[in-house]
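Colleague: Got a minute to walk me through this fold? I'd like to go sheet by sheet.

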Amino acid sequence: MPKAPDIFNFLNKYAISSTSAPMILLASNENPLGMPDSARRAAAAALEGAGNYPDSNGTALKNALAARLDVPADWLTLGSGSSEILELAAQVSLKPGEGVVYSQYGFIVYAQATAHAHAHATVVPSRGFGHDLDAMRAAIGEHTKLVFVANPNNPTGTFIDAAPLLAFLQSVPAHVTVLLDEAYTEYLSPAQRYNSIEWVRRLPNLIVARTFSKAFGLAGLRIGYGVSQPALTSRMNAQRPRFNVTTPAQAAAVAALGDADFLARTYELNTAGRDQLAAGFKELGLEYVPSSGNFLMVRVGDAQAVHARLLAAGIEVSLLGPYGLPEWLRVSIGLPEQNRAVLAALR
């Protein structure tokens, strides 16, 4: 990846900062609709009490989530984004030198959480850019204490059907914690959806992690949550920083959770935009990986050069060199006109 000063010099050379048109930001899988109005109003009202510390237990949000998911509130852990839930899972599951299993092309935070816990990672080669569950099960050894599974996976967008996923979860030894990362679950089609919360009721070693950063449009407020049985939840909450989720973030999340219209618009926009980009990539003769998230991974050859030219055109997408995918870019799904701009620039 180019060093930051090189990027800055490039942008200055092509006068990106002086153009009147705003950058099209399609690098971080954000919701192109932005923050729901309901959440914006709730966050603004919550600022009246921002001179005081947040509710460290997140009572109102946990109650709303408990009602939505039909679980007790003490099965919930709140995080500064779901990334903090991943980190907490590593903290409570691992001792230095113990093992973690996750897939090649898995979310980069899995490697970071493993390193922060001074643990050892076994990275299982992917199958079709997705999880090879049989190989992952075979990789679980006597020192393995944590397994990360993403569904859908970021950055590849691949999806695991419910039946093989549940069979895998049931096959993992009870002393090994499994973190099922569902940051993009709201984008799944009705045919793909499954009830992982019901699985948590049956599997004491399972943590399901979700976020308000993607479909709910609250990326800048940093709020996510984990669902697990009390033995795991109590350990994570003991490690969780006391005031890790701000008052406006909690209020906005409660409002967004109840905004069914916004979530429906988000799903419809994303489904149409994903089809729009996929059709455009196909027309351009570009290889891409079919996605179940709010992004598509596309092969462009010299990704750094293409990335730089897209920046020059006022479009930011994501380089995937850190994942070992130097010929690929990840393009977040935007508004229809933003998607058209990406395809035009690539053409």
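**Confidence and the two sheets**

Colleague: Before we start, what is the mean pLDDT of the protein chain?

Modeller: Keep in mind that this is a predicted model. The stretch to be careful with is residues 1–19, where the pLDDT is below 50; beyond near neighbours in sequence, that stretch has 17 contacts in the model. Over the chain, 94% of residues reach 70 or more, and the mean pLDDT is 94.

Colleague: Fine. In what order do the strands of the seven-stranded open sheet run?

Modeller: Start from the edges: β2 (76–79) and β4 (120–124) each pair on one side only. The pairing in this sheet is mixed, and the twist averages 20 degrees from one strand to the next. Reading across, the order is β2-β8-β7-β6-β5-β3-β4.

Colleague: Take the β2 edge. Which residue in β8 is the bridge partner of L76?

Modeller: β2 pairs with β8 (residues 224–227) in the antiparallel sense, over four bridges. Within that pairing, the partner of L76 in β8 is V227.

Colleague: And at the other edge, what is the handedness of the crossover from β3 to β4?

Modeller: β3 and β4 are parallel to each other, paired over five bridges, with Y102 opposite V123 in β4. The chain gets from β3 to β4 by way of α5, and this β-α-β crossover is right-handed.

Colleague: At what angle does α5 run to β5?

Modeller: Helix α5 covers residues 108–116 and lies across β3 (99–103), β4, β5 (144–150) and β6 (177–181). Taken against β5, its direction is at about 160 degrees.

Colleague: On to the four-stranded sheet. Why is one side of β9 and of β12 left without a neighbour in the sheet?

Modeller: This is an open sheet with antiparallel pairing, in the order β9-β10-β13-β12. β9 (288–289) and β12 (318–319) are at its edges, so one side of each has no neighbour in the sheet: each has a single partner strand.

Colleague: Which residue in β10 is the bridge partner of V289?

Modeller: β9 pairs with β10 (residues 295–299) in the antiparallel sense, and there are two bridges. For V289, the partner in β10 is M297.

Colleague: Last one: which helix lies across β9, β10 and β13?

Modeller: Look for a helix running at about 10 degrees to β10. Its residues are 260–283, and β13 (328–332) is among the strands it lies across. That helix is α11.

Terms used: Residues numbered from 1 in each chain as written. Predicted model: local features only at pLDDT ≥ 70, side-chain atom pairs only at ≥ 80, totals over all residues. Heavy atoms only, no water. pLDDT = per-residue confidence, 0-100. Contact = heavy atoms within 4.5 Å. Pairing = 2+ DSSP bridges. Axes fitted to C-alpha atoms, helices over the stretch in contact; angles between N-to-C directions. Right-handed = clockwise from strand over helix to strand, strands pointing away.
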